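Here are my notes from a pass through this model, written as numbered points. Have it open next to you while you read.

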Amino acid sequence: MIRIAPSILAADQMHIADEIGRVIDAGCDLLHVDVMDGHFVPNLSFGPDMVREIHKAFPELKLDVHLMLDNPGRFISAFAPCAYGITVHAEIPDNVGDMLDFIHTEGCRAGLSLKPATPVESVMDLLPRTDMVLVMTVEPGFGGQPFRWDMISKIRRLRQMGFSGLIEADGGLTRDNLPALHDAGLDIAVMGTAIYRSDHLKDDILYIHSL
Ligand code: DX5
Ligand code: ZN
């Protein structure tokens with residue numbers, strides 16, 4: 001079974017609470033929150049206040065916080081009380097291993113994300129300290145981009161390397177590419193556009209769960 005984490009980046013930003021309620025009603029498993037700083041990626045999005053408010057309004061909802069920041073260490077403590085998992089990027093200038101340990105100290109699951117150009121081999125030593133690997137299947141920064149099929153091999157490779165934690169894919173996921181992602185070993189589908197623009201949300205989530 002693949003679990004689904006809708007990405008609120010693609011939600012109607014004027015009606016975020018309704019948009020979150022809608023995906024909860026349809027059966028989502030987590031909610032993906034993209035945090036961007038305008039440096040690590042060329043876009044800005046949500047901060048800790050937003051995550052806090054979501055957690056207050058939907059305390060049962062597991063928040064999967066994806067930090068696309070140059071200095072995630074400065075913000076981990078602000079997100080941790082409200083997050084289920086916090087994911088940092090392998091490409092940041094700071095020591096990524098220390099960051100993963102810090103996320104654990106703060107009581108969250110620690111995720112490690114790889115941009116398309118980052119090979120899985122480069123993070124091999126970090127895998128024992130990682131609960132989930134978030135494989136970017138687009139260049140991070142914006143929703144609605146086309147899926148990079150060549151990224152599927154990274155998921156297969158992670159499994160071959162013996163990684164037994166959770167594997168997420170993020171960017172351009174649709175019904176077309178989910179079966180191949182599933183075959184490769186995907187656990188969690190992060191989906192923005194395909195979920196929030198869907199006219200048959202419940203069916204789509206049932207389908208994802210059936211994989
Ligand atoms: C991109 C974000 C994604 C994005 C996915 O930087 O990390 O979470 O919202 O959106 P779609 O599914 O539209 O590609
Ligand atoms: Zn994301």
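1. Let's begin with S5. Strand S5 is mostly covered, with five of its six residues buried. Keep in mind throughout that this is a predicted model. S5 has a partner strand in S6 (residues 132–136), and the two run in the parallel sense over four bridges. If you want a pair of residues to click on, Leu-114 stands opposite Val-135 in S6.

2. Now look at what S5 does with S4. Strands S4 and S5 (residues 109–114) also pair in the parallel sense, here over five bridges. Two of the bridge partners are easy to find: Gly-85 goes with Arg-109 in S5, and Thr-87 goes with Gly-111 in S5.

3. S4 itself (residues 85–89) is mostly covered, and five of its five residues are buried. Which residues sit on each side of S4? Gly-85, Thr-87 and His-89 are on one side, Ile-86 and Val-88 are on the other, and all are buried, so to speak of both faces as covered is fair. As background, side chains in a regular strand alternate between the two faces of the sheet.

4. S4 has a pairing with S3 too. Strand S3 (residues 63–68) and S4 pair in the parallel sense over three bridges. Asp-64 is the residue that stands opposite Gly-85 in S4. Recall that Gly-85 also has Arg-109 as its bridge partner in S5.

5. On to the connection from S4 to S5. S4, helix H4 (residues 96–105) and S5 make a right-handed β-α-β unit. The buried residues of H4 are Val-96, Gly-97, Met-99, Leu-100 and Ile-103. Looking down the axis of H4, these buried residues fall within an arc of 160°, so they line one face of the helix. The cover over them includes helix H3 (76–79), S4 and S5.

6. Val-96 is worth a closer look. This residue lies in helix H4. Is Val-96 buried or exposed? It has 9% relative accessibility, and because the cut-off for buried is under 20%, Val-96 counts as buried. Setting aside residues up to four places away in sequence, Val-96 touches Val-88, His-89, Ala-90, Leu-112 and Leu-126. For a sense of distance, Val-96 and Met-132 are 36 residues apart in sequence and 14 Å apart in space, C-alpha to C-alpha.

7. Next, the metal. Which residues coordinate the zinc ion (ligand 2)? They are His-32 (NE2), Asp-34 (OD), His-66 (ND1) and Asp-170 (OD), at 2.0 to 2.3 Å. Along the chain, the donors follow the spacing H-x1-D-x31-H-x103-D. The pair of histidines links distant parts of the chain: His-32 is in strand S2 (residues 31–36) and His-66 is in strand S3, 34 residues apart. Both His-32 and His-66 are buried.

8. A word on the geometry of that site. The zinc ion (ligand 2) has six donor atoms, the angles among them run from 66 to 167°, and the site is octahedral. For reference, the ideal angles for six octahedral donors are 90 or 180 degrees.

9. Helix H8 (residues 201–210) has its own buried side. Its buried residues are Leu-201, Asp-204, Ile-205 and Ile-208. Seen down the axis of H8, they fall within an arc of 95°, so they line one face of the helix. The face turned away from that buried side of H8 carries the exposed residues Lys-202, Leu-206 and Ser-210. What do the buried residues of H8 pack against? The partners are strand S1 (3–6), helix H1 (16–25), helix H6 (178–184), strand S8 (188–191) and helix H7 (193–196).

10. Last, a loop residue. Thr-174 is found in the loop between strand S7 (166–170) and H6. With a relative accessible area of 28%, Thr-174 is partly exposed. Apart from its neighbours within four places in sequence, Thr-174 is in contact with Met-191 and Ala-194. The C-alpha atoms of Thr-174 and Leu-112 are separated by 22 Å, and these residues are 62 residues apart along the chain.

Terms used:
Residues are numbered from 1 along each chain as its sequence is written. Chains are lettered from A and ligands numbered from 1 in the order in which they are written. This is a predicted model: local features need pLDDT of at least 70, side-chain atom pairs count only at pLDDT 80 or more; totals for chains, interfaces and linings use all residues. Side-chain values use heavy atoms; hydrogens and water are left out. Buried means under 20% relative accessible area, exposed over 50%, partly exposed in between (1.4 Å probe, protein chains only). Two strands pair if DSSP finds at least two bridges between them. A crossover is right-handed if, with the strands pointing away from the viewer, the path from the first strand over the helix to the second runs clockwise. Donors are N, O and S atoms within 2.8 Å of the metal (3.2 Å for Na, K and Ca); water is not among the atoms, so sites may look incomplete. Four donors count as tetrahedral if all angles lie between 85 and 135 degrees; four count as square planar and six as octahedral if opposite donors are over 155 degrees apart and all others between 65 and 115; anything else is irregular. The arc is that of the directions from the helix axis to the C-beta atoms. Contact means heavy atoms within 4.5 Å.
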